[in-house]
Amino acid sequence: MKSSPLERVVVIGGGFSGLMTAVNLARFARRPIHVTILNHGHPLGRGVAYGTRREEHLLNVPARNMSAFPDLPDHFLKWLRTRSEFDLTPERDLREGFIPRMIYGDYLRSLLHHYLQSGHGSVQTEFVEEEARDVVPTESGMLVCLQGGREVAATRIVLATGSEVSANPPGAEAIRNHPAWVEDPWKNWPEKLPATDGTAVLLGAGLTAADAIITLRNLGWRGTIHAVSRHGWLPHAHFRGIEYPAFPPAGVDLTELGLERLLALMERHCAHLREAGANPAIIVDKLRPYTQQIWRKFSLEEQRAFLSQHASRWNVLRHRIPPQIHAQLVGMELTGQLEVHAASIERIEATGTRLRTVLGGGDALESDLVVNATGPHLRFSKTRSPLLENLLNRGLVAPDRLDLGLLADADHTVIDGNGNRSPHLLALGPLLRGALWESTAVPELRSQARSVAETLLDQPPHGKKEPTPLVEYEI
């Protein structure tokens, strides 16, 4: 009897999302599958977030919620216990601690080795360090075209490309090769640092900017730092909350309220918490289990109103940083080394060996270094990724209705330019920001990675029926 051709899955992206999709395939596959992981730019399994080698870059989520597996909530904690530096750490301190991101990268690499490099289960894995530039449909599937000219055949393709690169401010093109300009904050920019009495400007005041500021501090650099963002808000610190069973109120379906009624309800409970001397961000935390369902139920007008009027504030409250990092930022503000500006950025221009950042209103900051820490570009139809641009041009993908990412069904199947379910393409991670809103942190991505694997394997979603796992990772 003629055997069926081997199923070939190509995962484009070797960061958390791509790696964990492949790992879950290895965990649950009951038939032979060949998986090719295409990775470039950062170490396989680490990606941008966990590729850092700097100890001061910490996870922004406590260790207790950083397991890579939604069905094994203590997996990361148990793995940490295998490392000598945590031998004497009390259990509560370990659970609530913020671990260096490079150690989390070690954790992901250990999963890579155990599940994908040691012949685990029915999955054969190939690793290719090269950039995917295009996808071409064929009669039997698709060909992934690589930058070097090689083509990789696929029956299914998983788009796990991560966040877009940072948006460039006006004038960036003219200063691209200027020695004081840092376009990519994840490359080795500290080698460009001016003298300790110099001045640095950070475009942005969010999580990426916080990383850059803490790096400057740990390098012993004593110059002046200016952080510029539209609202001038630094990230808030994680805090120890209180029990607050009054939210969500019993009998209230948060997903059916709509934006205005939800905001009014949240504000009432935030006021109660302020009166009790508690942090009102507790309400944001208690919304997290419902956020994606709420977002999906919003009308297009409500989603647009949230993005234009409330998203910036939400992000500051929702994406918090470790208390010890926040304390350092506040201390630098108090001493005057760090100054945060609430302003738009009109343009960046060269003034000899220095750069001039012109702010809205006419003010300007001259500096010896400008670091672009504005966060990812968010307009999908204007993507700067050659791969995604080609997929759009071919009609293999389409922007979602907010143009934050691409269209996809609930099972992660991509919707093409004609409104049809793709027989070959799936997506996860920041590419689904428009559909899911919350689509960047490990607690969401780990569930997405497993869901994509289940779709590829034609298995029921894990929320309904647990597949029987293979022997689990021994730690």
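The exercises below concern ring pairs, burial, empty space and backbone geometry in a predicted model.

**Exercise 1. Classify the ring pair of phenylalanine 69 and tyrosine 115, and place both residues in the chain.**

Step 1. The ring centres of phenylalanine 69 and tyrosine 115 lie 6.0 Å apart. Rings pair if their centres lie within 6.5 Å.

Step 2. The planes of these two rings meet at 65°. An angle over 60 degrees counts as edge-to-face, so the pair of phenylalanine 69 and tyrosine 115 is edge-to-face.

Step 3. Phenylalanine 69 belongs to the loop between helix H2 (47-50) and helix H3 (75-80), while tyrosine 115 belongs to helix H5 (residues 101-116). With their positions 46 residues apart, the pair links distant parts of the chain.

Step 4. Phenylalanine 69 and tyrosine 115 are both buried.

**Exercise 2. Do the same for phenylalanine 306 and tryptophan 314, and state whether each is buried or exposed.**

Step 1. The distance from centre to centre is 6.3 Å, and the angle between the planes is 70°. Phenylalanine 306 and tryptophan 314 therefore form an edge-to-face pair.

Step 2. Buried means a relative accessible area under 20%. Phenylalanine 306 has 9% and is therefore buried. Tryptophan 314, at 10%, is buried as well.

**Exercise 3. How many aromatic pairs does the whole structure hold, and which residues do ring pairs link into a cluster?**

Step 1. A search of the whole structure gives 12 aromatic pairs.

Step 2. Tyr50, Phe76, Trp79, Tyr104 and Tyr107 are joined into a cluster by ring pairs.

Step 3. A ring can also have a charge over it: the charged end of arginine 313 sits over the ring of tryptophan 233, at 5.1 Å from the ring centre.

**Exercise 4. Describe the surroundings of threonine 215 and of proline 100.**

Step 1. Threonine 215 is part of helix H6 (residues 207-218). Its relative accessibility is 2%, so threonine 215 counts as buried.

Step 2. Leaving out residues up to four places away in sequence, threonine 215 touches Arg54, Glu56, His57, Trp189 and Pro190.

Step 3. Proline 100 sits in the loop between helix H4 (91-96) and H5. Its relative accessible area is 17%, so proline 100 is buried.

Step 4. With residues up to four places away again left out, proline 100 touches Glu55, His57 and Leu58. His57 thus appears in the contact lists of both threonine 215 and proline 100.

Step 5. Arginine 54, listed among the contacts of threonine 215, is 46 residues from proline 100 in sequence, and the C-alpha to C-alpha distance between arginine 54 and proline 100 is 8.1 Å.

**Exercise 5. What lines the largest cavity, and which elements give two or more residues to the lining of the second largest pocket?**

Step 1. There is one cavity of 30 Å³ or more. The largest cavity has a volume of about 80 Å³.

Step 2. The lining of the largest cavity consists of Gly162, Ser163, Glu164, Pro376, His377, Leu378, Arg379, Phe380, Leu404, Pro430, Leu431 and Arg433. Sorted by class, six of these residues are nonpolar, three polar and three charged.

Step 3. The second largest pocket contains about 790 Å³ of space. Its lining has 34 residues, and Gln292, Arg296, Ala410, His412 and Leu436 lie nearest its centre.

Step 4. Helix H9 (291-297), helix H14 (433-436) and helix H15 (442-457) each give two or more residues to this lining. H15 provides the largest share, seven residues.

Step 5. By class, the lining of the second largest pocket divides into 11 nonpolar, 13 polar and 10 charged residues.

**Exercise 6. Where are the cis peptide bond at proline 248 and the positive phi values of aspartate 403 and tryptophan 437?**

Step 1. Most residues other than glycine have a negative phi, and most peptide bonds are trans.

Step 2. The bond from phenylalanine 247 to proline 248 is cis, with omega near -5°. Proline 248 is in the loop between strand E10 (224-229) and helix H7 (258-275).

Step 3. Aspartate 403 has a positive phi, near 65°. This aspartate is in the loop between helix H13 (386-393) and strand E16 (413-415), and at a relative accessible area of 15% it is buried.

Step 4. Tryptophan 437 also has a positive phi, about 65°. Its place is the loop between H14 and H15, and at 11% relative accessibility tryptophan 437 counts as buried.

Note on methods. Residues are numbered from 1 along each chain as its sequence is written. This is a predicted model: local features need pLDDT of at least 70, side-chain atom pairs count only at pLDDT 80 or more; totals for chains, interfaces and linings use all residues. Side-chain values use heavy atoms; hydrogens and water are left out. Rings of Phe, Tyr and Trp (its six-membered ring) pair if their centres lie within 6.5 Å; planes under 30 degrees apart count as stacked, over 60 as edge-to-face and the rest as tilted. Helices (H or I, at least four residues) and strands (E, at least two) are DSSP runs, numbered from the N terminus. Buried means under 20% relative accessible area, exposed over 50%, partly exposed in between (1.4 Å probe, protein chains only). A charge sits over a ring if NZ of Lys or CZ of Arg is within 6 Å of the ring centre and within 35 degrees of the ring normal. Contact means heavy atoms within 4.5 Å. On a 1 Å grid over the protein atoms alone, a cavity is a set of points where a 1.4 Å probe fits but cannot get out, and a pocket is an open set with protein on both sides within 12 Å along at least five of seven lines; lining residues have an atom within 4 Å of a point. Grid points are joined across faces, edges and corners, and a volume is the space filled by probe spheres set on the points. Ala, Val, Leu, Ile, Met, Phe, Trp, Tyr, Cys and Pro count as nonpolar, Asp, Glu, Lys and Arg as charged, and the others, Gly among them, as polar.
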